[in-house]
Each structure stands twice: as structure tokens, then as C-alpha cells.
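Work through the two exercises below with the model open, and write down your own answer before reading each solution.

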Amino acid sequence: MTIRIYQDATAIITGAATGIGKALAIELANRGCTVVLTDRQITLAEETAAEIVANNGKAWARELDVSDYQTFQAVVDETVAETGRLDYMFNNAGISIGGFVDDYEVGDWNTMIDVNLRGVTNGVQACYRLMVAQGFGHIVNTASMAGLVPASSQIAYTTTKFAVSGLSQALRVEAEMKGVRVSAICPGAIDTPLLTGGVYGRLPEGVTQEKAARYWAKLKPMPAADFAAETLNQVAKNVPIIIIPGWWRGMYWVYRLSWKQWFKSSKKDLGRVMRLTQRK
Ligand code: NAD
């Protein structure tokens, strides 16, 4: 058996109630994939699953906090019992607790790590052995541009996303030998609730949703549906590091070629964020 792209495949998506996860679920279903939408926001995930079914797709929703390994494993086992296979695991759930490090409490670090990093390691642990036994499968971890280029105004976020990008790149080598694919998605700015804090995240102190929206508007956030369609095209080609919108690749190259140049532009960006928070 081999991986299916995407007709008659099975996919689990975490953080599928809103934003990128929701858009991926709809696009996967449109391409003939059975989709299991998981999220803490179960009512929203159920609404999207119902919409998919109403449009002749195959989907259901399950409540899942990605930091809870036991439930994660149960969702994977149930999915495989139901469909006989697992082609895709999209470890997508993520949050952003903004703020400078001197404003941070230890609980903020722990929550960021629990969701953004432990959520991904739990997802890998819950599906990898099964995919190796199948001899196929694709783990798609949502990192960020901040997982490739440090974002000095989002230090905890950068910490977790570098870990996700490192995990994905390193695992790809071992996984390939066992017939399993691994990719890291590194979005630039995508138009989702995360940009204005999200339900489980927080903007830096002093930054209102309006200010945050204005800050991101300059970077022209991509609609989530367009992002999902382009992402799935690249996942189908087994691209290792998926950077969308494509113009953000330039930033990655600047960082790799000139640390000094990155440092200079990072300082400028940090200054902009400090002005937003009215901090010196
Ligand atoms: P979003 O806030 O719309 O979606 C995040 C989803 O994750 C929400 O539905 C939320 O309920 C869910 N979630 C949060 N904590 C959870 C938990 N503990 N368990 C299960 N689900 C949980 O934001 P989004 O932009 O769609 O984010 C999706 C992913 O993309 C995240 O990993 C985020 O870091 C990443 N990302 C987004 C952008 C962007 O510009 N929007 C850029 C880079 C990376």
C-alpha cells in the first residue's frame, strides 16, 4: 500500500476549528480525503465537519487538547479502526502568548511549550509507529517563518517553532528510510484569529486587537483558504520545508547569508513592536 494523494486518503488535523486547520480540512475534503477535525473548540470543529458532510465529503470532529497524549493516541487509534489507514497527520494546533520576556511568567512558557511543542511531539508519538508499520504516511507539522528565522518580538513563539522545525527536518531522514514522509509548514502571515491573539493566546500588554491587525496588514496576510490549497499542492510533492507565501523565502535567505543584516532588520521590527506596546 502507498500514500494516497488525496482521494480516499485519511487525515487527522489538530487545531481544525479555525484558521489554517479549518481551511486545510475543507480543502482536503474537497480533494476526496476523509478528515478528522480535532480541537479544544469542539463545537466549531463539529460545525465545519457537518458542512463538509453536507457537501458530500467525509469528516467528523473529536475534542482534543494536543497536550493530552492519551486522548491523542485514542483519536489516532479510533481513526485507523474506522478507516483502516492514516495517510496524513497535520500537527497544526498552535498559540501565541505575546509579550517581552520580562513580562513572562513561568506558566506562559509552559503553556507555549505544552501546545506548540508537546502538541507536536505527542502527535508524532501517536502516529509514527503506526505509519512505519503501514509503510506509508505523511506527518505535516505546522512550524512558522519564526521556526526558520528568529522573531525577536516573539521569543517564546520562536523557541517552540524552531523546535518544531528542527524536529521535522531531523525526523525526515529516519522516516524516509521507513517509508514515512515528514514536512514542516512555515507560514508567513496568514489571515487567521492567531494574528489578533487567538482564543487561547494573548497579545503583548498594551497591544489592542486593532493595533495588531494594523501591524499585520502591512504584511498583507494571505487568506487561509488560498494558503491551504497551495500547502496541499506542496505536501503532495513532499516538499520538506514549505514556505508560503513564497516571497517570505527571501527573509530566510537573508538570515542564512547574513546574520548581521538579520540582526539590523530585527532591531527595527522590535522597535516597531515596542512602539505598539508604548514600551521603551
Ligand atoms: P488559529 O488561532 O486560527 O488556530 C489555532 C487553532 O488551534 C484554534 O482552532 C485553537 O482552538 C486550536 N488550539 C489551541 N490550543 C489548542 C490545544 N491545546 N489543543 C488543540 N487545539 C488547540 O490560528 P492559525 O493561524 O490557524 O494557527 C495554526 C497554526 O499555524 C499554528 O501552529 C500557528 O502557530 C501557525 N502559524 C500561523 C501563522 C499565521 O500567520 N496565522 C503564521 C505562522 C504559523
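**Exercise 1.** Which residues around the ligand come nearest, and which polar contacts does an oxygen atom of the ligand make?

*Solution.* Of the 30 residues around the ligand (a heavy atom within 4 Å), Ile 20, Asp 39, Asn 92, Tyr 157 and Thr 192 come nearest. This is a predicted model, in which local features need pLDDT of at least 70 and side-chain atom pairs pLDDT 80 or more, whereas totals for chains, interfaces and linings use all residues. Residues are numbered from 1 along each chain as its sequence is written, and side-chain values use heavy atoms, leaving out hydrogens and water.

Next, take the polar contacts (pairs of N or O atoms within 3.5 Å): a polar side-chain atom of Tyr 157 lies 2.6 Å from a ligand oxygen, an N or O atom in the side chain of Thr 18 is 2.8 Å from a ligand oxygen, and a polar backbone atom of Gly 188 is 3.4 Å from one. The protein buries 97% of the 820 Å² that the ligand exposes when taken alone (Shrake-Rupley method, 1.4 Å probe).

Finally, sort the shell by class, which gives 16 nonpolar, ten polar and four charged residues.

**Exercise 2.** Which residues lie nearest the centre of the second largest pocket, and how do its lining residues divide by class?

*Solution.* Among the 15 lining residues, Ala 29, Ile 52, Asn 55, Asn 56 and Gly 57 lie nearest the centre. By class, the lining has four nonpolar, eight polar and three charged residues.

Terms used. A polar contact is a pair of N or O atoms within 3.5 Å; within protein, one must be able to donate a hydrogen and the other to accept it, and residues adjacent in sequence count only if both atoms are side-chain atoms. Ala, Val, Leu, Ile, Met, Phe, Trp, Tyr, Cys and Pro count as nonpolar, Asp, Glu, Lys and Arg as charged, and the others, Gly among them, as polar. On a 1 Å grid over the protein atoms alone, a cavity is a set of points where a 1.4 Å probe fits but cannot get out, and a pocket is an open set with protein on both sides within 12 Å along at least five of seven lines; lining residues have an atom within 4 Å of a point.
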